[in-house]
Amino acid sequence: MNMISTTEARAHFSELLNKVAFGKIRIQLERQGKPLAAIISLEDLYLLEKLEDEFDILEADKAMKEAKKKGTKPFKQLKKELGL
């Protein structure tokens with residue numbers, strides 16, 4: 001991944017956007033030598049979001065299996081136990 005300071009990125013923002021959008025590169029922004037953020041293509045963003053969605057589905061499936069195995073409590077009972 002290409003690294004660039006935020007100051008340099010500000011000066012060349014339009015050029016960086018074109019490199020990311022059309023050149024399919026990723027740019028890591030740094031401030032005072034420390035990683036701060038990244039500029040990625042929409043294609044990469046959509047892939048990341050898809051992976052996050054798939055992970056969320058897996059976690060929800062695990063939670064549903066655990067609820068079936070251990071059982072659940074009515075909301076009113078849970079509120080009472082938590083003193084709400």
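I began with the strand pairing and found 4 bridges joining strand E1 to strand E2 (residues 27-31), the two running parallel; strands here are DSSP runs of E of at least two residues, helices are runs of H or I of at least four, both numbered from the N terminus, and two strands pair if DSSP finds at least two bridges between them. I noted that this is a predicted model, in which local features need pLDDT of at least 70 and side-chain atom pairs count only at pLDDT 80 or more, while totals for chains, interfaces and linings use all residues. Residues are numbered from 1 along each chain as its sequence is written, and side-chain values use heavy atoms, with hydrogens and water left out.

I then looked up the whole sheet, which is open, has 3 strands in the order E1-E2-E3 and shows mixed pairing. Its edge strands, E1 (2-5) and E3 (34-39), each pair on one side only. Within the sheet, methionine 3 stands opposite glutamine 28 of E2.

Next I checked the core, where a nonpolar core is a set of buried Ala, Val, Leu, Ile, Met, Phe, Trp, Tyr and Cys residues joined through side-chain atoms within 4.5 Å, and buried means under 20% relative accessible area (1.4 Å probe, protein chains only). The largest one has 7 residues: Ile4, Ala9, Leu16, Val20, Ile27, Leu29 and Ile39. H2 and E2 each supply at least two of these residues.

I followed valine 20 further and, leaving aside its neighbours within four places in sequence, found it in contact (heavy atoms within 4.5 Å) with Ile25, Ile27, Ile39, Ile40 and Ser41.

Last, I noted that glycine 71, just after H3, takes a positive phi of about 90°.

Note on methods: Buried < 20%, exposed > 50% of the residue type's maximum accessible area, 1.4 Å probe, protein only.
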